[in-house]
Amino acid sequence: MAYTNAHFIIILINLCTIVVAISNNNTLNRPKFSSILVFGDSTVDTGNNNYITTLGKANHYPYGRDFPGHVPTGRFSNGKLVPDFIASILNIKDTVPPFLDPHLSNDELLTGVSFASGGSGFDEFTPVLTGAIPMSKQIELFKAYVEKIKCVVGEKEAKRIIGAALVIISAGTNDFIFNFYDIPTRRSEFNIVGYQDFIQNKLQIFIKELYEVGCRKFGVTGLPCIGCIPIQITVNCVDSKERKCVEDENSDAEIYNKKLAKRLLALQEMLPGSRVVYADIYDPLINLISHPEKYGFKETDKGCCGTGAFEVTPLCNEITPLCDDASKYVFWDSVHPTEATYQYIAKYLEMEVLPKFQFHNYTLE
C-alpha cells in the first residue's frame, strides 16, 4: 500500500506541476498592454453619460442591479461591460472608469478610461438625435486625457503608456438604426452600400487621428447582428406572437463586417508600427441567439426589463418589472446585452482577438 500511495502522490505532484505550467504559459502568452482606452457608444460607455445632458442615461435602477455593490454606474446593462472584463483578463484593473468622472485617481487615469457615450456614432447626425458625446468630441477628451497624464508621469512616460495601450473602438450600430433603418435620414443620400462606406470612411479617419496622438494598438469591433436586437424585432414585427430576427439587417451587418476586416488590414499597412485588429462580435452574439441552451441561456428575443420588447433607458426604471434571473437572458433591455452576454463575448475576444496582438511590441520612436 505504501508503494501504491507513493506512486499516487508522485503522479499527483506531476499533474499539479503540469497544470501550473500551463497556467503560467497562458499568462506569459497573454499580450502586454499598459492601459485600456475605450471609445464608442453605449456598449462601452461606463458612465460618461452621467455627466452630460441626455435622456440616454443608465444611472438609475435597475441598471447595475448585478454590478459589484448592486449600484447603477451608468453602464447600460445589469452589470459589467466587455471593456471591464477585458481589463480584468489583462490584469490591468477590474473595471474601466468613465473619463468624465471628476474623482478619478492618478492610478485610474494611468491604467485607462472610457471616453464612450451611449447613443454616439460615427455619423455626425447620430449624436444630434441622442444628445451623446460625438466621436469627434471623444477625440478632444482623449487629447485632454493625454495632457493630464503628462502632468502625472512626464511626456516620455505618457508617450510610452499611450503607445502601449489597448484601444477599443465600438460604434456603428446607432448610425444604422437611427439614420438608415428606423429613421431614414440618410436614405435620400445613400443606398446601404454607400452608407456602409460612409461610416467606414469616418472610422478610418477616427483611427488615424488617434494614431497621430500616439495610439498604436487598436481593437475595432464590427457590427452585431442588428436584426436580432429586440427593439429591431419589435419595430419590424408583423405578428407580435412570432418574434424573429430581421434577416435583411443581419445580412447588411455581415457585409459591413467583411468589408471592415479588409479595410482594417489595409489601414494597418498605412500606419507604421500599428496593430489594427478586427474584433468580431457578430459571430459570438448570433451563436448565443441560435443556441442559447448550449451556453445556459433561455430568452433571446426580448430583454429582462419590462416586456423586453421596447423598454430602454428612461422606460427601464425603478417601477419596471424585471425577470428573476438576467443570466438566462441574452439582452438586459430592448437594446443592450446582459452582463452574462458581455462576459461570453469577452471570453470569445480573449481567445480569438487578443492573441493577434501577441507579437506586436511598441517601442519609442
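In these exercises, contact means heavy atoms within 4.5 Å. The model is predicted, so to speak a computed one: local features need pLDDT of at least 70, side-chain atom pairs count only at pLDDT 80 or more, and totals for chains, interfaces and linings use all residues. Residues are numbered from 1 along each chain as its sequence is written, and side-chain values use heavy atoms, with hydrogens and water left out.**Exercise 1. Which residues of α2 meet α12, and how do the two helices cross?**

Step 1. Get the vocabulary right. Helices (H or I, at least four residues) and strands (E, at least two) are DSSP runs, numbered from the N terminus. Two packed helices are described by the angle between their axes and the distance between the axes. Axes are lines fitted to C-alpha atoms, for helices over the stretch in contact, and angles run from 0 to 180 degrees between N-to-C directions.

Step 2. Find the partners. From α2 come V82, F85, I86 and I89, and they touch E339, Y342, Q343, I345, A346, L349 and E350 of α12. Sorted by class, these contact residues are eight nonpolar, one polar and two charged. (Ala, Val, Leu, Ile, Met, Phe, Trp, Tyr, Cys and Pro count as nonpolar, Asp, Glu, Lys and Arg as charged, and the others, Gly among them, as polar.)

Step 3. Read the geometry. The axes of α2 and α12 lie 8 Å apart, at an angle of about 45 degrees. That makes α2 oblique to α12: under 35 degrees counts as roughly parallel, over 145 as roughly antiparallel, 65 to 115 as roughly perpendicular, and the rest as oblique.

Step 4. Add the hand. α2 and α12 make a right-handed crossing; the near helix is turned clockwise from the far one by less than a right angle, while anticlockwise would be left-handed.

**Exercise 2. At what angle do the axes of α5 and α6 cross?**

Step 1. Helix α5 covers residues 135–153 and helix α6 covers residues 155–163. Their axes come within 7 Å and cross at roughly 130 degrees.

Step 2. α5 and α6 are therefore oblique to each other, and α5 passes α6 in a right-handed crossing.

Step 3. On the α5 side you'll find F142, Y145, V146, I149, K150 and V153, which meet E155, E157, A158, I161 and I162 in α6. This contact has eight nonpolar, no polar and three charged residues.

**Exercise 3. How far apart are the axes of α8 and α10?**

Step 1. Helix α8 (residues 192–213) and helix α10 (residues 247–270) have axes 10 Å apart, packed at an angle of about 35 degrees. Here too, the crossing of α8 and α10 is right-handed.

Step 2. Check who takes part: α8 residues including I192, V193 and Q196 meet α10 residues including D252, I255 and Y256. The class count for this contact is 11 nonpolar, four polar and five charged.

**Exercise 4. What lines the largest cavity, and what lines the largest pocket?**

Step 1. Pin down the terms. On a 1 Å grid over the protein atoms alone, a cavity is a set of points where a 1.4 Å probe fits but cannot get out; a pocket is an open set with protein on both sides within 12 Å along at least five of seven lines, and lining residues have an atom within 4 Å of a point. Grid points are joined across faces, edges and corners, and a volume is the space filled by probe spheres set on the points.

Step 2. The cavity: there is one of 30 Å³ or more, and the largest has a volume of about 120 Å³. Its lining residues include V82, I86, L166 and F357. By class, the cavity lining has nine nonpolar, two polar and no charged residues.

Step 3. The pocket: the largest holds about 840 Å³ of space. Of its 43 lining residues, S42, N174, F178, V335 and H336 are the closest to its centre. α7 gives the largest share of this lining, four residues. The pocket lining splits into 25 nonpolar, 16 polar and two charged residues.

**Exercise 5. Where is the cis peptide bond?**

Step 1. Recall the usual pattern: most residues other than glycine have a negative phi, and most peptide bonds are trans.

Step 2. The bond from Y61 to P62 is cis, with omega near 10 degrees. P62 sits in the loop between β1 (36–40) and α2.
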